Amino acid sequence: MAEIPGKCEEMTIEEIRERLEADERNRSYTDRGIHPVFQVSSNARILIIGQAPGRKVEESGIPFNDKSGETLIRWMGIDRETFYSSKIAIMPMDFYYPGKGRSGDLPPRKFIAEEYHSDILRLMPEVGLTILIGRYSIDYYLKDHKKKNLTETVAAYREYLPEYFPIVHPSPLNFRWQRKNPWFEEQVVPVLQENVRRLL
């Protein structure tokens, strides 16, 4: 991952937040009073790495505070209180809503993961499982170990345990994928819930 010259070895989450908001590449958000969206705790046992906040999440400032979040919480087998507790960390591939494209939201900006993720990961030494949601986080963290497509990677989830658990994005827009692949909810979700219970 890219390192910033002259950067401290370890930064607090407050310092990382300040650096994000001072970053020229995030100026359009900072100028509008929009803050980076993530949830970090040194006590976190489970880390969720998703894509990027959507418009609704950007407005509330609460990660996964939308229909996708409702589905993800159900897939994990926990309640909302636990999801937003210090035991769960949420670090998307982009901490800001990247905007709307021709066919959905724009992809997360690459520099966020490359320049900020490593500093945040150092603050969470107790993480026992990282849930990778969707193509962008899977591509970035599994790299050459991923399969030829998202479906095959998710189906091969056991190969990445106990460190990573790749899953499809819980967005309502993925209903066709979920309908076409019923094995995910039938076979994969119960194992995900079992791993979540073990760590919590």
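These are my notebook entries on salt bridges, one strand and two pockets in a predicted model.

**Entry 1. Salt bridges**

I counted the salt bridges first and got 13. I then looked up some of them one at a time.

Asp 119 pairs with Arg 19, and the closest N and O atoms are 2.9 Å apart. I noted where the partners sit: Asp 119 belongs to helix H6 (residues 110-121) and Arg 19 to helix H1 (residues 13-22). The two are 100 residues apart, so I put this down as a link between distant parts of the chain. I checked the accessibility of each partner. Asp 119 has a relative accessibility of 2% and is buried. Arg 19 comes out at 18%, which is also buried because the cut-off is under 20%.

Does this pair stand in a network, and with which residues? I found Arg 19, Asp 119 and Arg 122 linked by salt bridges in a network.

Next I looked at Arg 25 and Asp 23, whose side chains meet in a salt bridge at 2.9 Å, N to O. Here the accessibility differs in class: Arg 25 is partly exposed at 39%, whereas Asp 23 is buried at 11%.

The last bridge I looked up joins Arg 74 to Glu 185, with 3.1 Å between the closest N and O atoms. Arg 74 lies in helix H4 (residues 67-76) and Glu 185 in helix H10 (residues 183-199). They are 111 residues apart, and I noted this pair too as a link between distant parts of the chain. Arg 74 has a relative accessible area of 45% and is partly exposed. Glu 185, at 31%, is partly exposed as well.

**Entry 2. Strand S6**

I asked which residues cover the faces of strand S6 (residues 164-167). On one side I found Tyr 164 and Pro 166, and on the other Phe 165 and Ile 167. All four are buried, and I recorded both faces as covered.

I then looked for the partner of S6. Strand S5 (residues 129-133) runs parallel to S6 and is joined to it by four bridges. As one position to look at on screen, I noted Thr 130, which stands opposite Tyr 164 in S6.

**Entry 3. The largest pocket**

I read off a volume of about 940 Å³ for the largest pocket. Its lining has 35 residues, and those closest to the centre are Gln 51, Asp 105, His 169, Ser 171 and Leu 173. I listed the elements that give two or more residues to this lining: helix H3 (55-60), H4, strand S4 (104-105) and helix H7 (134-142). I sorted the lining by residue class and got 18 nonpolar, 10 polar and seven charged.

**Entry 4. The second largest pocket**

For the second largest pocket I noted a volume of about 180 Å³. The residues lining this pocket are Met 93, Pro 107, Pro 108, Arg 109, Lys 110, Ala 113, Glu 114, Tyr 136, Asp 139 and Tyr 140. H6 and H7 are the elements that give two or more residues to this lining.

How many of the lining residues of the second largest pocket are nonpolar, polar and charged? I got six nonpolar, no polar and four charged.

Technical notes:
Residues numbered from 1 in each chain as written. Predicted model: local features only at pLDDT ≥ 70, side-chain atom pairs only at ≥ 80, totals over all residues. Heavy atoms only, no water. Salt bridge = Lys/Arg side-chain N within 4 Å of Asp/Glu carboxyl O. Buried < 20%, exposed > 50% of the residue type's maximum accessible area, 1.4 Å probe, protein only. Pairing = 2+ DSSP bridges. 1 Å grid on protein atoms, 1.4 Å probe; cavity = no way out; pocket = protein on both sides within 12 Å on 5 of 7 lines; lining within 4 Å. Points joined across faces, edges and corners; volume = space filled by probe spheres on them. Nonpolar A, V, L, I, M, F, W, Y, C, P; charged D, E, K, R; others polar.
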